[in-house]
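Q: Hi! Could you walk me through this model while I have it open?

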Amino acid sequence: MSSPVKAPVWPVLAGVILCSGMLGAIVAVEDQRLIVAMLLGFAAIWFAARRWGAVAALERSAEQHPGAVGGAILVAALAGIALLHEDNFGFLMISTVLLFASCCIGLTIQLGYAGVSNFGAAGFVGAGAYTAAVLNWLPWMPDLLALIGGGVAAVLVGSLLLLPVLRTRGHYAALTTLAFGIMFGVFLDATPIVGGPQGLKLSGVNLFGWDFSNDIRLGSFLISFYANYVLLSLAIFGVAIFVASRLDRSWVGIWLDTVRLDETACAVFGVNIGFWKILAFTAGNFLAGLAGATYAKMLGFIAPNNFTLSDSLMLVSVVILGGIGNRWGALPATAILVLLPEKLQFIQEYRLLIFAVLVVIILMASPAGLVPRRTRRLDPHLIIGNVGWLTRLVPHARSVPSPQRGEG
Amino acid sequence: MDIVAQHLLNGLMQGTMYGLVAMGFTLFFGVMDVIKFSHGDVLTFGAFAALVAALLAQSGGMGVWVQILAMFAAAVVATALIGTEIARFFVLPLRHSPTLNILLLTMMLGTVIRECLRLFYPNGGNPQRFPALLPAGGINFGRAFVRYDGLILLAVGLALIALVHWVITRTRFGLAVRAVAEDEETARMMGMNFRRVVRLTFALGSATAGVAGVMYGLYYSEINYGMGVLLAIIGFSAAIVGGLGNLWGAIIGGYLFAGLQTLAVALAPAATEYKTFFAFLVVIVVITWRPTGLLAEARSERV
Amino acid sequence: MGFWRRGITAMAAGLLVGILPQVSSAKDIVKIAWIGPLTGALSQHGIGGRNSAELAVKLKNANPATKYNYELVALDDECKPNVGVQVATRAGSDRSIIAAIPHYCSATAIATVEVYNRFKLPMVVWAAVLPEITYGKKLPEIHRVSGTLIGQNRVGAKFMADLGYKRFVSFADTTDYGKSMDKYFTQFTLENGGQVIGKFGVPPDQQDLSAELTQVKELNPEVIFFGGLTPLGTRLRTQMVKFGMDQLMEGQSGIIGEAFINAVGAQLAEGVITFFDSPRIERTEAGQEFMKKYAEAGYKEPYEAYGPFSFAATNLVMDTIEKAGPDRAKVTEGLAHVKDYASTVGPITFDDHGQNITPLTTKFVVQDGKWTVWEDSEYASGNRKLGRQK
């Protein structure tokens, strides 16, 4: 099981430098002609890299050198902050991309690993955001607790859906979550205590006296206050990637795979289907809620029409476009789905049309997503703790509903 | 009791419309296991095609019945065409990738159709007046008011449901559809042209949406470029609640949905804002109770 | 996949060809941002406003006497608060942008006011009507040429009481716009001795209103007040008439514009009443000039109800820059002293909250397929009767 050949570390470094360079360039450049040329260039680089195996080499290398990945990304982020230092808008977009990507990694755990559809993700993001907003009313509440509270609230709201999610599969499960997402939006709109359609105001993050709303001054060097949020979002993104990779590469990932691919076989081998589904669903919702709370704090204002069905579908689109089941795919896919509409502002009313056409083209040219799922490199020594006892909390393997046609 | 009758009538009309949309979803799912999310926008496209046809016929000085005929013909042809082409160029090439990819793809295609209508139809961003060609007015039964055009359209809708059911259960083409739905590989081994069956099914499903679009226009006298979005969500939900791949399930799902929405307004007029909340809550309860839809998918008959 | 490869190549080639070099000029270029919905259900209003702002810039640049050459940066806020914050931040962090003319939707404007304040970017709201935008918090950067929705409801309620109407049903959409409309409508109607016997809130994208209308019919009011925008207003009017209801429909600024009559049809729209915080622009010289120039410019889309406001706000911003120079702080200072500024929508005077306090409320009624000023209509002279008029 252990790797026969040690992969070199340089693809990680090269990849991080190249990707962050591309992201920074897209964010920083405003000239229309340059943007179009750059996007075409990056698309070419991306497809060439995939065609000649560079993406796969990068992934292999990243798997074996997780420390190098983290370090390189942190260094790249700091360098990016220093370079862009006063670009408020650029930082806002980078944080937005990182937060959405974190949320989509949560969706990947649900949909890509355990096969639990979630078409109401914006509802869980919204639960986190509104919790942060409501906790904002309590002046003594530390912001760290408010952010984590957002994640917990999403989990609690999600637990109301456990029974329907466990009993249904495929499109039927998709409907239950979709229905929840719509209900959540209607509820917010109609309920004046949580602001109704006018939404709620929030104050910025303040962690232990570190006020995120102030610009950072290093001598005469001024850095936009949004850089604080870039660092925070990066930390959340790191947590999301860490959790997802631990789940995926340990035995847990194998169990989740069996749950997704063949529930009947799973039940025969005594795997507790219900437990693993709940675990994946909960972990994903927590990430969505956490990202939502941070996003709300960053924007300073939230309203129900930020959390509509089309936002849920956007989040699912990220997972599909990135490549279902590949956690790293979330980043380029979010970059496309979040940044592209913003960068297409110069075509004004035509931008939604062009955006949709571009997504169609990407899907047709790359049906398995930008970064297709690969066979995992299992690390049997990777122990995330003995979770066996936890499975006893959930009633033993549930009855399998009437057989349906399996996937594929 | 008059008000109950009135609500019942309203719900019946709405339910027929939802059922027609849901039927399309269930047909596509039957043959290809895909959810085609552009379905609502195809409906809108059909309604706009009908509007153009009616305006042309009107300026040509044709009679009312010719105009109505032109409308339905234009809608059916336009939607059937766009349905087959979506199947040919987008769905069939992707059929070996995960079903969710097709969902996203068709959602984006729907956006393209919608945005094209908004941007390229003259003044397309605003609601459009749909010619009122059916007899106006109605009769009062006590305090319940029955619209003549509503009655006619209700009959058209029910006839269409019966027609689709007949096509699927009684014709050779329907047999082919059911065979493909049942077991694609065996069907192909028996020499069936799989791609052709899929394309024709998409044409049939989309044409029902086209007729539903015209009915919508005639009933509400108004169409707009975004009207398909909500109809698609409700149609999709109705198809699933009823049991995907089951025609009767789709129709029952449609009536259930309309019934729930009407019931919510009738019982709690002070809380109409919560009516969608209520409808989807019941959907979740129903789907928890019957995890594969009200009419559970039976292996022997998928369409 | 060959088809797709060819498609992508063609697309790429098209994009490259579409990028043309920009025209240069001798004067300094000053950028101003315009923000509104260019996609989504309300895009028609946004595009009309954008065209009007663009027209103002074009006319100004054609004038050789100006000091600067203006460039309009139009941004789409989709009427969503989060996108609004994004584009406001974008405009705010771009130091070359001197001022902004933002927002059609109130929900978006209320979310972004503090962003403009943070980046010290002076702005003049062109259409959003929620009172809290200017009166919520006193911020020096925030101004607005459009009226708040308080004025039109005060005038409206008084007018309806004078006509002798007593029993009202309120039918509003569930957005903040509809809810505020409902709030002020109810407040002023009660003050004028009317009764609100029922309230219905529906989401703005709901198509079938028959369930709600059945309930309204049971309540049997004299007037149905509508608080919402054109798309839903169209459905309400069409469906209530088809349902055999002869009540008077009382609208507000959200349905004013040709779009409503075009969609409902002259026959069904007949006798709908509306109040709008604007002088009759076809009566003023500036207004006629605007209408003429807009027609000459050959825009595909109509300017809609708030186009003249967008035109006026853009001109106000450019004239302030001409006087104060292209500097945000100086423009903010200049906007603080706007008094009796002549515009397409009448004289503009900002109070200490930056709110234009001079908009006049005009009463309109649909007569033979046209929004007709009440005083000129056959309804006022008694030749025709409104629904349920005594």
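Q: Let's go straight to strand 3 of chain C, residues 97-102. How many of its residues are buried?
A: In this predicted model, strand 3 of chain C is mostly covered, with 6 of its 6 residues buried.

Q: And which way do strand 1 and strand 3 of chain C run, parallel or antiparallel?
A: They run parallel, and 5 bridges join strand 1 (residues 28-36) to strand 3 in chain C. To put a pair on that, Trp34(C) has Ile101(C) as its bridge partner in strand 3 of chain C.

Q: What does Ala100(C) touch, leaving out residues up to four places away in sequence?
A: Ala100(C) touches Ile32(C), Ala33(C), Ile35(C), Ala91(C), Tyr116(C), Leu121(C) and Met123(C).

Q: Nice. Which residues have the most contacts inside the largest nonpolar core?
A: Ala100(C) again, together with Ile32(C) and Cys103(A). That core has 359 residues. Its largest share comes from helix 13 of chain A (residues 273-299), which gives 18 residues. As general background, nonpolar side chains tend to be buried together in soluble globular proteins.

Q: Switching to chain A as a whole: how many helices and strands are there?
A: Chain A has 16 helices and 6 strands.

Q: What radius of gyration does chain A have, and what would a compact globule have?
A: Chain A comes out at 21 Å, and a compact globule with 408 residues would be near 22 Å, so the two agree. The C-alpha trace of chain A spans about 65 × 60 × 45 Å along its principal axes.

Q: What percentage of chain A is buried?
A: Buried residues are 54% of the 408 in chain A. On the contact side, take pairs in chain A at least 6 apart in sequence: 80% of those contacts join residues at least 24 apart.

Q: Now the interfaces. How many residues does each side put into the contact between chain B and chain A?
A: Chain B gives 34 residues and chain A gives 35 residues. On the chain B side, helix 4, helix 9 and helix 11 (275-289) each supply at least two residues. The largest share there is from helix 4 of chain B, with 12 residues. By type, the side of chain B that touches chain A has 24 nonpolar, 7 polar and 3 charged residues.

Q: Tell me about helix 4 of chain B, then. Why call it largely enclosed?
A: Because 17 of its 22 residues are buried, helix 4 of chain B is largely enclosed by the rest of the structure. The length works out too: at 1.5 Å a residue, helix 4 of chain B (residues 99-120) should span 32 Å, and its end C-alpha atoms are 31 Å apart, which agrees.

Q: How about the contact between chain B and chain C, how many residues there?
A: This contact takes 30 residues from chain B and 33 residues from chain C. Several elements of chain B supply at least two residues each, including strand 1 (128-129), strand 3 (144-147) and helix 10 (247-267). Helix 1 of chain B gives the most, with 5 residues. The side of chain B that touches chain C divides into 9 nonpolar, 16 polar and 5 charged residues.

Q: Is helix 1 of chain B largely enclosed or largely open?
A: Largely enclosed by the rest of the structure, because 25 of its 31 residues are buried. Its expected span is 45 Å at 1.5 Å a residue, and the end C-alpha atoms of helix 1 of chain B are 45 Å apart, which agrees. Just after this helix, Asp33(B) takes a positive phi of about 60 degrees.

Q: Oh, I like odd phi values. What about Cys79(C), and where is it?
A: Cys79(C) has a positive phi near 60 degrees, in a residue other than glycine. It sits in the loop between strand 2 (68-76) and helix 3 (81-93) of chain C.

Q: Buried or exposed, that Cys79(C)?
A: Cys79(C) counts as buried, because it has 26 C-beta neighbours inside 10 Å and the cut-off is 20 or more.

Q: And Asn220(C), what is its phi?
A: About 55 degrees, so to speak another positive phi, and Asn220(C) is not a glycine. Asn220(C) lies in the loop between helix 8 (210-219) and strand 8 (223-227) of chain C. With 14 C-beta neighbours inside 10 Å, Asn220(C) counts as partly exposed.

Notes:
Residues numbered from 1 in each chain as written. Chains lettered and ligands numbered in written order. Predicted model: local features only at pLDDT ≥ 70, side-chain atom pairs only at ≥ 80, totals over all residues. Contact = placed C-beta atoms within 7 Å. Helix = DSSP H or I, 4+ residues; strand = E, 2+ residues; numbered from the N terminus. Nonpolar A, V, L, I, M, F, W, Y, C, P; charged D, E, K, R; others polar. Core = buried A, V, L, I, M, F, W, Y, C linked by C-beta atoms within 7 Å. Buried ≥ 20, exposed ≤ 12 C-beta atoms within 10 Å, placed from the backbone. Expected span 1.5 Å × (residues − 1). Pairing = 2+ DSSP bridges. Rg over C-alpha atoms; globule rule 2.2 N^0.38 Å.
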